[in-house]
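Reader: I would be grateful for a close look at a single part of this model, followed by an account of the pockets. Please treat the matter in one connected answer.

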Amino acid sequence: MEKFFTPISKVRFYVMASMISLMFFQGPHAALSQSVKLYTPYTKISVPPGETISYTVDVINDSRSIKNATISIKGMPKDWTYTLKSGGYTIDQISVLPDEKKSLTLAVNVPFKVEKGNYTFGVSAAGLGYLPLTVNVSEQGTYKTEFTSKQPNMEGHASSTFTFNADIKNSTAEEQLYALRAQAPRGWLVTFKANYKQATSVNVAPNATESITIDVNPPDYIKADTYTIPVQAVTSNTSAKLDLEVVISGSYEMELTSPTGLMSTKTTAGSEKRIDISVRNTGSTTLRDVTVTSGKPKEWEVVFDPKEIESIDPGQGATVTATIKAADKAIPGDYILNMEAKTPEVSAKAAYRVTVKTPVLTGWLGILIILGVIGTVVYLFRKYGRR
């Protein structure tokens, strides 16, 4: 037989024989691996931490018989999770008719806490094929919370309520229960609200954001200044801090009284009475252009001196003299003068009681008339009583 083959033809013969022998002795798996293919167009992608990747994987049967493929995921990185579905069902095996394909949906969840770099895993059809997949995590992952506000700074008077809108973002793979805390200076009141209800904690779903409102009330008589109110969202695993800034432009408060605190006096009809009224600045901002007015009974007169106070510093007071003239025909009794001190920003009211009494001369005259009448009766009784 050797005389029929040249050295080159001998080599070709042995190579072909070896290939046929190899195919024969590999058994059915080699043929199957060539007839079933796994395919997806995106075999290497780049995503940030916390992303969910959705693959569509086709199982293609190029053979002339039905193929049952047991599907599994190999080499999935630690703490990564996935779901594998087809037709809305979670599957472990799929059957494909000859010359057809079936589609699988593979959803891979990249955790938030993950190192930057390349991660490789694959879809396996046991004994039939393997599809390698690579994910490039584009940045260093974190396990964190974000506490933010679009407007963390507000300005107003001490009597104002400052309402801040804030967002808590849970950048973790688990639901978190955040305790809400404030480190406000003494005397400040901080209230948290979630879903329009007062709350001390709030639940936030994984990779979700919850909106809350924060009401900040400063104490009374606080001086004008800039104040920082730190607030926190805290769990056992993570926390975040937000600094709110409140600019107090001053409080406008005043009190209307008398230097002695006594808000009453006495007078007689038609007489004038001078009284002192005290206007005190109980706020933290200078009061300017203060005027004092009074409601009065009909035909009464009330005149203030001065008519306007240019300014009153915080904690200080000013005295206004009021000249009151009761009506000439005022009936004895109590009368109320409703006094008011005001500026363009604030006002204060007080009631001043004026008691009108009978004049002394009129009283003595009345007594004399009564005595005269009694004397006349006595005289007449003595003169004509014996007849």
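Author: Outside the four places on either side of it in sequence, Q176 is in contact with Y143, N170, V202, N203, V204, T235 and N237. The model in which these contacts are found is a predicted one. Q176 belongs to strand β14, which covers residues 176-182. The relative accessibility of Q176 is 4%, so this residue counts as buried, the cut-off for that class being under 20%.

The pockets may be taken next. The largest pocket has a volume of about 290 Å³. Its lining is made up of 17 residues, and those that lie nearest the centre are D79, V110, P111, F112 and A173. By class, the lining of the largest pocket comprises seven nonpolar, six polar and four charged residues.

The second largest pocket holds about 200 Å³ of space. Here 14 residues form the lining, with P49, F112, E139, T142 and K144 nearest the centre. F112 is thus named for both pockets, among the residues nearest the centre of the largest and among those nearest the centre of the second largest. Two strands, β11 (144-148) and β13 (162-171), each supply at least two residues of the lining of the second largest pocket. This lining divides into three nonpolar, six polar and five charged residues. As regards polar residues, the count is six in the lining of the largest pocket and six in that of the second largest.

Notes:
Residues numbered from 1 in each chain as written. Predicted model: local features only at pLDDT ≥ 70, side-chain atom pairs only at ≥ 80, totals over all residues. Heavy atoms only, no water. 1 Å grid on protein atoms, 1.4 Å probe; cavity = no way out; pocket = protein on both sides within 12 Å on 5 of 7 lines; lining within 4 Å. Points joined across faces, edges and corners; volume = space filled by probe spheres on them. Nonpolar A, V, L, I, M, F, W, Y, C, P; charged D, E, K, R; others polar. Helix = DSSP H or I, 4+ residues; strand = E, 2+ residues; numbered from the N terminus. Buried < 20%, exposed > 50% of the residue type's maximum accessible area, 1.4 Å probe, protein only. Contact = heavy atoms within 4.5 Å.
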